[in-house]
Amino acid sequence: MSTNSNIKRVRQSELELKEKVVAVNRVAKVTKGGRTFTFTAIVVVGDGNGIVGNGLGKAGEVTDAIQKAIEDAKKNLVKVPILNGTVPHEQIGKFGGGNVFIKPASHGTGVIAGGAMRAVLESAGVHDVLAKSKGSSNPHNVVKATLDALSKLRDPYTVSKQRNINLKKVFNG
C-alpha cells in the first residue's frame, strides 16, 4: 500500500463482510519422500459500501487456506471513496508487474473489469466502472494494484478541504 494520506484503516468489528475467493493455487514441494502439496488462496473481503481488504492464506487443505486468507484480509481493511456507485475520478494503480486503470462510468454500465479486479471492485461496492488491467495478469499483483488505485482515490470533500475551496468549485473546475 502507498503511504497516502487518505487511506483510512478500518476495524473489522461491527462490519458485515462478504468474502470472495479470487484464486486458489496448488504448490508442490519435492522432498526425498515424494511431493508434498500445499494450497495458497487469495481472498477479497468487503462490505459493499466502500470498505475492502485482501488476504493471502497458505495451508495443507484448501478450506484451511481460504479461512487463513479471510482472517488476513480482515486485518487489511481500507476505506475507499465511492460516489454514486462509481469511482470519483480516473486512477492508475501499480504493484509489481501489475498495472491497472480504473475510470468512472455512468449509471447502468456495470463493472467492466477482468477476474481479479472484478472481485475487488464488487467487494468495495462499486457498481459502475470501466477498468483495464495492463501488464501482469498474476492475481496477486492485480488485486494489490487495484487496491493501490482505490486507495489513491480522493472524494470531492477531501479535495475541497485540501485546496481550501468551495465544493461547487471542485466540480466546475
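Analyst: One term before we start: helices are DSSP runs of H or I with at least four residues, strands are E runs with at least two, and both are numbered from the N terminus. The model we're looking at is predicted. Asn164 is found in the loop between helix H4 (156–163) and helix H5 (167–172).

User: How do you know whether Asn164 counts as buried or exposed?

Analyst: Exposed means over 50% relative accessible area. Asn164 comes in at 69%, so it counts as exposed.

User: And what is the phi of Asn164?

Analyst: Most residues other than glycine have a negative phi. Asn164 isn't a glycine, yet its phi is positive, at about 55°. Asn84 also has a positive phi without being a glycine, with a value near 55°. Asn84 sits in the loop between strand S5 (78–79) and S6. With 73% relative accessibility, Asn84 counts as exposed.

User: What makes you say that strand S4 is largely enclosed by the rest of the structure?

Analyst: A residue is buried when its relative accessible area is under 20%. In S4 (residues 51–59), seven of the nine residues are buried, so the strand is largely enclosed.

User: How do you know that S4 pairs with strand S3?

Analyst: Two strands pair if DSSP finds at least two bridges between them. Strand S3 (residues 34–46) and S4 share eight bridges, in the antiparallel sense. Val44, for instance, stands opposite Asn54 in S4. S3 and S4 form a hairpin with four residues between them, and Gly48 in the turn has a positive phi of about 75°.

User: How many bridges join S4 to S5?

Analyst: There are two bridges, and the cut-off is at least two, so S4 and S5 pair. They run antiparallel, and Val52 stands opposite Val78 in S5.

User: Why is the pairing called mixed in the open sheet of four strands?

Analyst: Strands pair either parallel or antiparallel. The order in this sheet is S6-S7-S9-S8. S6 and strand S7 (residues 98–104) pair in the antiparallel sense over five bridges, and S7 runs antiparallel to S9 with seven bridges. S8 and S9, joined by two bridges, run parallel. That is the mixed pairing.

User: Which strands are the edge strands?

Analyst: They're S6 (91–95) and S8 (111–112), each of which pairs on one side only. On the S6 side, Gln91 has Ile102 of S7 as its bridge partner; Ile102 also stands opposite Ala131 in S9. On the S8 side, the bridge partner of Ile112 is Leu130 in S9. From S8 the chain crosses through H2 to S9, and that β-α-β crossover is left-handed.

User: How do you know how H2 and H3 pack?

Analyst: Two packed helices are described by the angle between their axes and the distance between the axes. For helix H2 (residues 115–124) and helix H3 (residues 139–152), the angle is about 40° and the axes are 8 Å apart. H2 passes H3 in a right-handed crossing.

User: Which residues of H2 and H3 meet there?

Analyst: Among them are Ala116, Met117, Val120 and Leu121 in H2, along with Val142, Val143, Thr146 and Leu150 in H3. The residues of this contact divide into 10 nonpolar, one polar and no charged. Thr isn't on the nonpolar or charged list, so Thr146 counts as polar.

Definitions and conventions
Residues numbered from 1 in each chain as written. Predicted model: local features only at pLDDT ≥ 70, side-chain atom pairs only at ≥ 80, totals over all residues. Heavy atoms only, no water. Axes fitted to C-alpha atoms, helices over the stretch in contact; angles between N-to-C directions. Left-handed = near helix turned anticlockwise from the far one by under 90°. Contact = heavy atoms within 4.5 Å. Buried < 20%, exposed > 50% of the residue type's maximum accessible area, 1.4 Å probe, protein only. Right-handed = clockwise from strand over helix to strand, strands pointing away.
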